[in-house]
Amino acid sequence: MSPATPKTTVHRPAIRTTVSSPELETPLGSSGPKAPGHTLELNTAISARALSVRDLSVDFTTAQGPLRAIDRVSFDLAPGEVLALVGESGSGKSVTARALLGLTDPVTQSVGGAVLLEGESLLPLSQAAWRSRRGRRIALILQDPMTCLDPLQTVGAHMLEALRAHRSIGQREAHDIAVQALERMGIGDAPQRLRAWPHQLSGGLRQRVSIAMALLHRPAVIVADEPTTALDVTVQGQILSQVQALARDSGTAFLWITHDLAIVERFADRVAVMYAGQIVETGQTARVFSAPRHPYTRALLDCVPQRYQPGERLAVISGLAPSLAGMPGGCRFRARCAQAQVDCSHWAPATRTDSDGSYLCLHPLTP
Amino acid sequence: MLSEAAARLLQSLLVLLTMSAVVFAGVYLIGNPLDMLIPPQASELERAQAGHALGLDQSLITQYLLFLQHALEGNLGRSFFSNSPALGLILDRLPATIELALSAALIAVGLGVPIGIGCAWYAQRFGTRVLLGLATLGFSVPTFWVGLLLIMLFSVQLQWLPSGGRDASGHLFGIATSFGSWRGLSHLLLPAISLALFKLALLIRLTYAATREVLQQDFILAARARGVALPRLLGVHVLRNIGVSLTQVIGLEFGALVAFSIVTESVFAWPGMGKLLIDAINSLDRPVVVAYLLVTVTLFTAINLVVDLIALVLDPRLRRAGLQ
Ligand SMILES: Nc1ncnc2c1ncn2[C@@H]1O[C@H](COP(=O)(O)OP(=O)(O)OP(=O)(O)O)[C@@H](O)[C@H]1O
Ligand code: SF4
Ligand SMILES: [Mg+2]
């Protein structure tokens, strides 16, 4: 069934490029003819990346059987790059973030695909080996500053712990490093702050502490799961520009998960749009914002209030995203897509990649 | 922090004062002690003289203040039967009871808390379900039955451990106690285990539930993302966060162990306070009952004070004044 089939058929020119680039399309270890030289080239290409994610899938084990929350997600992060991951609630952004750090529950969740951190494959690592990467080479910042610090530990205890998790270090040296880290994040009176309890700090300060901790070991990648959503706009802006400067200086790459497209436009180098567990479009921020190719991206952009004249009616994306248990065959966005055609319910689109990024749609929009 | 602690101390003293009044009213004003002390055929004059000698002709307030004054001097009257000081009788038995309660608490906390935390971390595993099932079973088995079972197995069948009595011939830090010798410990082991079993089951379930809740929190995920290793995650973050509610329960349960260990004391012929109290109640030996009540109330108040102080140390949010 295809209730959303539009009355008019969009005449569509030939897809610009259908050649899949080895950097984004080829799942590692996948079958298919490959010259040895090609593989080598692929590996060097990938090890130059801070993070490469290939066909990452996460399945939840439930009483009704396995549910796929993340479906073959692939993207790359270059050193110093900020990649924004956007998508509506429940599309799988947080699950992706956790899977990247190996923080999924091994009993109820199974993870497939490949995650390469600075060229090293993470998924086959033992728990101990993975722990030694977490916080040192890849860090995570969470959304709610009120809950992401242990209320019964001082700021100093948190930072000492974060340092000692990866190196043996004396109290004095740790103290100095912690003070510097806080000052880098624009926290004044740092020695005093180290003695403070989390409940004595404002939300903005707490989030700065969390970010300072994420930066402690100069990781290659920081995954930030809506880190400024709970903060007011001024604090948000300050923190964002500080983080941006730090990323530039230290070469740390950011995967920045957010709902806020205004932030994305100002702040991200590239965007990945997620829908129902899949990445439906990637590309340079400017290109995605000016000429989105996936109908869902288009719809998301149409929902941004800043893009409207005063008094003009806001667009909404009608309908709901499919539930994990009731995932339709064909394209997952079909029921809500203004561009949908008959074939959309029969063919699951495959990711197409070209120099402008990638998209997952049978009938992409053309500018 | 210090002023908070002082406030708690003052509170405790007020509670003690109130409780002394309740105990006084309960035991001294309900019924006439003379009925117990004086033969029924005595004359009115003799009764009046005896009443005067005991101060019973004074006003209620005066009597209470006298009682309070004596109590502060450590004099809670003499047993009607043995004529020895009531407080002395209680204090003679107190070490045995405390010893037993302390061992039971050590077993229950030492095993229950780690098992509870482990069960919460490995929540979905098969072994966890088995352990939690056993803990639930532990609730439904009566203590005396467990005691008898233990005696049958370890004393009668295997003959490894004595079936009853206490041996305090050994010394630890100059105090005569069961902890002072192997013989003492062997006498202590069975009653302590049988008393601990119910509390162990309780602590496993409580620790499990509390830990599950803490593990859901963002700061646990954040700590793991920083590479904090499991022993530190569970031993520092989880333990301290469940610590406040856990010490509260442990404190209450320890008080209960001291006050209500009578069944176990009977089964194992353990010379504790419980046995003394039952005898005193049966013979209407009021001074002993009063002494018992006051000692128990003092103990409960002290435990509560300690629990409150531990909470202050563990949770900075409870310290209002001071820091800022
Ligand atoms: N423990 C779980 N068991 C089953 N399904 C789960 C579990 N955790 C998450 N999910 C499902 O996985 C999907 C993705 O959730 P996720 O939290 O990643 O969304 P999100 O994109 O981060 O949303 P939000 O913007 O609201 O944070 C959702 O459909 C959610 O219902
Ligand atoms: S394939 Fe593209 S056009 Fe077809 S329903 Fe999906 S998003 Fe719409
Ligand atoms: Mg989320």
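Chain B of this predicted model has 13 helices and two strands. Its C-alpha atoms fill a box of roughly 85 × 65 × 40 Å, taken along the principal axes. Of its 324 residues, 43% count as buried.

To get a feel for the reach of this chain, pick out B:Ser43 and B:Ala223. They are 180 residues apart in sequence, and from C-alpha to C-alpha they are 81 Å apart in space. You will find B:Ser43 in the loop between α2 (33-37) and α3 (44-54) of chain B. With a relative accessibility of 35%, B:Ser43 counts as partly exposed.

Now move along to helix α8 of chain B, which spans residues 182-215 and holds B:Thr207. Is B:Thr207 buried or exposed? Its relative accessibility is 0%, so B:Thr207 counts as buried. The side chain of B:Thr207 has a polar atom that lies 2.6 Å from the backbone oxygen of B:Leu203.

Chain B also has a place where nonpolar side chains come to the surface. A patch of about 590 Å² is made by B:Phe144, B:Trp145, B:Leu148, B:Leu149, B:Met152 and B:Val263. Which helix gives the most to the nonpolar patch? The answer is helix α7 of chain B, residues 143-157, with five residues. B:Leu148 has its place in this helix α7, and its relative accessible area of 42% makes B:Leu148 partly exposed.

Next, look at the charged side chains. Side chains of opposite charge can pair when their charged atoms come close. Over all chains, a search of the whole structure finds 20 salt bridges. One of them is in chain B, where B:Asp315 pairs with B:Arg317 and the closest N and O atoms are 3.0 Å apart. The two partners can be told apart by their surroundings: B:Asp315 counts as buried at 9% relative accessibility, whereas B:Arg317 is partly exposed, with a relative accessible area of 43%.

Chain A has salt bridges to explore as well. A:Asp71 forms one with A:Arg68, with 3.2 Å between the closest N and O atoms. Here A:Asp71 is buried, at a relative accessible area of 5%, while A:Arg68 counts as partly exposed at 32% relative accessibility. This pair belongs to a wider arrangement, for A:Asp59, A:Arg68, A:Asp71, A:Arg72 and A:Arg332 are linked in a network of salt bridges.

Another pair in chain A is A:Arg293 and A:Asp354, whose side chains meet in a salt bridge at 2.8 Å, N to O. This pair links distant parts of the chain, 61 residues apart: A:Arg293 is in the loop between α10 (285-290) and α11 (295-302) of chain A, and A:Asp354 is in strand β11 (residues 352-354) of chain A. Why does A:Arg293 count as buried? It does so because its relative accessibility is 3%, and the cut-off for buried is under 20% relative accessible area. A:Asp354 is buried too, with a relative accessible area of 14%.

The ligands come next. Ligand 1 is surrounded by 13 residues, and the closest are A:Ser89, A:Gly90, A:Lys93, A:Ser94 and A:Val95. By class, this shell has four nonpolar, six polar and three charged residues. Helix α2 of chain A, residues 93-100, gives the most to the shell around ligand 1, with three residues.

Which protein atoms come up to the oxygen atoms of ligand 1? In the side chain of A:Ser89, an N or O atom is 2.3 Å from an oxygen atom of the ligand. The backbone takes part too: an N or O atom of the A:Gly92 backbone lies 3.0 Å from an oxygen atom of ligand 1, and a polar backbone atom of A:Val95 is 2.8 Å from an oxygen atom of ligand 1. On its own, ligand 1 has 640 Å² of accessible area, and the protein covers 62% of this.

Ligand 2 makes a good last stop. The residues around ligand 2 include four cysteines, A:Cys331, A:Cys337, A:Cys344 and A:Cys361, together with A:His294 and A:His363. Also in this shell are A:Pro295, A:Phe333, A:Arg334, A:Gln339, A:Ala340 and A:Leu362. Sorted by class, the residues of the shell around ligand 2 divide into eight nonpolar, three polar and one charged.

Technical notes: Residues are numbered from 1 along each chain as its sequence is written. Chains are lettered from A and ligands numbered from 1 in the order in which they are written. This is a predicted model: local features need pLDDT of at least 70, side-chain atom pairs count only at pLDDT 80 or more; totals for chains, interfaces and linings use all residues. Side-chain values use heavy atoms; hydrogens and water are left out. Patches are made of residues with over 30% relative accessible area and no salt bridge: like charges are joined within 9 Å, nonpolar side chains (Val, Leu, Ile, Met, Phe, Trp, Tyr) within 5 Å. Accessible areas come from the Shrake-Rupley method with a 1.4 Å probe; for residues, only the protein chains shown count as cover. A salt bridge is a side-chain nitrogen of Lys or Arg within 4 Å of a carboxyl oxygen of Asp or Glu. Helices (H or I, at least four residues) and strands (E, at least two) are DSSP runs, numbered from the N terminus. Buried means under 20% relative accessible area, exposed over 50%, partly exposed in between (1.4 Å probe, protein chains only). A residue is near a molecule or strand if one of its heavy atoms lies within 4 Å of it. A polar contact is a pair of N or O atoms within 3.5 Å; within protein, one must be able to donate a hydrogen and the other to accept it, and residues adjacent in sequence count only if both atoms are side-chain atoms. Ala, Val, Leu, Ile, Met, Phe, Trp, Tyr, Cys and Pro count as nonpolar, Asp, Glu, Lys and Arg as charged, and the others, Gly among them, as polar.
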